[in-house]
Structures are given as C-alpha cells and as structure tokens.
Amino acid sequence: MGSRLEERDGKITGILTGKNCHGEEKVSRIRSQFNLNDYEEIHAYGDTSGDKPMLQLAHKAFYKPFH
C-alpha cells in the first residue's frame, strides 16, 4: 500500500498516479482494505509527519523520524 508512480514507455516518470498515500489518504486506504474491528490489537510504525494520522488508528504506535 503506497503511492504509485506513473510509467511511460517502460520507464518510471517520477510523477504520481492518483493520490499521494500520505496523511488522511493513508488512513482511508487502510480502512478500505481492512476492517479494523477484526483486530484485537493494532501496531503501527511511522517515520514522517504524514504517518501521524495512521498512528492514531493503532493501539500501540511507534514513531521515529528518519534522519
């Protein structure tokens, strides 16, 4: 699950296709793929500010910025 890059003539252009999987979009994708009520405990790991909304979904959230 993540952002997708455009491909033209067998080459990656560096342009995103669709929405950037960041912030609330990441949460939306997680919720569309998983019924979170089916899990007793959710762990989430993030390393950017865009992961913070996803971390709010977890029972145990771990955040460590990448430097």
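**Local environments, aromatic pairs and the largest pocket**

Gly 14 counts as exposed, at 54% relative accessibility; the classes used here are buried (under 20% relative accessible area), exposed (over 50%) and partly exposed (in between), computed with a 1.4 Å probe on protein chains only. The structure is a predicted model, in which local features need pLDDT of at least 70 and side-chain atom pairs count only at pLDDT 80 or more, whereas totals for chains, interfaces and linings use all residues. Residues are numbered from 1 along each chain as its sequence is written, and side-chain values use heavy atoms, with hydrogens and water left out.

Gly 14 belongs to strand E2; strands (E, at least two residues) and helices (H or I, at least four) are DSSP runs numbered from the N terminus. Apart from neighbours within four places in sequence, Gly 14 is in contact with Leu 5 and Glu 6, contact being defined as heavy atoms within 4.5 Å. The C-alpha atoms of Gly 14 and Gln 33 are 26 Å apart, with the two positions 19 residues apart in sequence numbering. Glu 6 itself is placed in strand E1, residues 4-8. With residues up to four places away in sequence set aside, Glu 6 touches Lys 11, Ile 12, Thr 13, Gly 14, Ile 15 and Thr 17. For Glu 6 and Thr 17, 11 residues apart in sequence, the C-alpha to C-alpha distance is 5.3 Å.

The loop between E1 and strand E2 (11-17) contains Asp 9. Most residues other than glycine have a negative phi. Asp 9, although not a glycine, has a positive phi of about 55°. Asp 9 is also exposed, with 79% relative accessibility.

Helix H1 spans residues 24-33, and Glu 25, Lys 26, Val 27, Arg 29 and Ile 30 are buried in it. These buried residues of H1 pack against E1 and helix H2 (52-55). Pro 53 is located in helix H2 and is partly exposed, at 22% relative accessibility. Discounting residues up to four places away in sequence, Pro 53 touches Gly 23, Glu 24 and Val 27. Pro 53 and Glu 24 are separated by 29 residues in sequence and by 6.1 Å in space, C-alpha to C-alpha. Gly 23 lies in the loop between E2 and H1 and is buried, with a relative accessible area of 9%. Its contacts, not counting residues up to four places away in sequence, are Gly 50 and Pro 53. Between the C-alpha atoms of Gly 23 and Gly 2, which are 21 residues apart along the chain, the separation is 11 Å.

Two aromatic pairs are present in the structure. The ring centres of Phe 34 and Tyr 39 lie 6.5 Å apart with the planes at 75°, so this pair is edge-to-face. Rings of Phe, Tyr and Trp (its six-membered ring) pair if their centres lie within 6.5 Å, and planes under 30 degrees apart count as stacked, over 60 as edge-to-face and the rest as tilted. Phe 34 is partly exposed, with a relative accessible area of 33%, and Tyr 39 is likewise partly exposed, at 41%. The pair formed by Tyr 45 and Phe 62 is stacked, because the ring centres are 5.0 Å apart and the planes lie at 10°. Tyr 45 is in strand E3 (residues 43-46) and Phe 62 in strand E4 (residues 60-63), so the pair ties together parts that are 17 residues apart in sequence. Tyr 45 is exposed, with a relative accessible area of 58%, whereas Phe 62 is partly exposed, with 38%. In addition, the charged end of Lys 52 sits over the ring of Tyr 63, 4.9 Å from the ring centre; the criterion is NZ of Lys or CZ of Arg within 6 Å of the ring centre and within 35 degrees of the ring normal.

The largest pocket has a volume of about 190 Å³. On a 1 Å grid over the protein atoms alone, a pocket is an open set of points where a 1.4 Å probe fits, with protein on both sides within 12 Å along at least five of seven lines, and lining residues have an atom within 4 Å of a point. Grid points are joined across faces, edges and corners, and the volume is the space filled by probe spheres set on the points. The lining consists of Ile 30, Phe 34, Leu 36, Tyr 39, Glu 41, Ile 42, His 43, Ala 44, Tyr 45, Met 54 and Leu 57. E3 gives the most to this lining, with three residues. By residue class, the lining comprises nine nonpolar, one polar and one charged, where Ala, Val, Leu, Ile, Met, Phe, Trp, Tyr, Cys and Pro count as nonpolar, Asp, Glu, Lys and Arg as charged, and the others, Gly among them, as polar.
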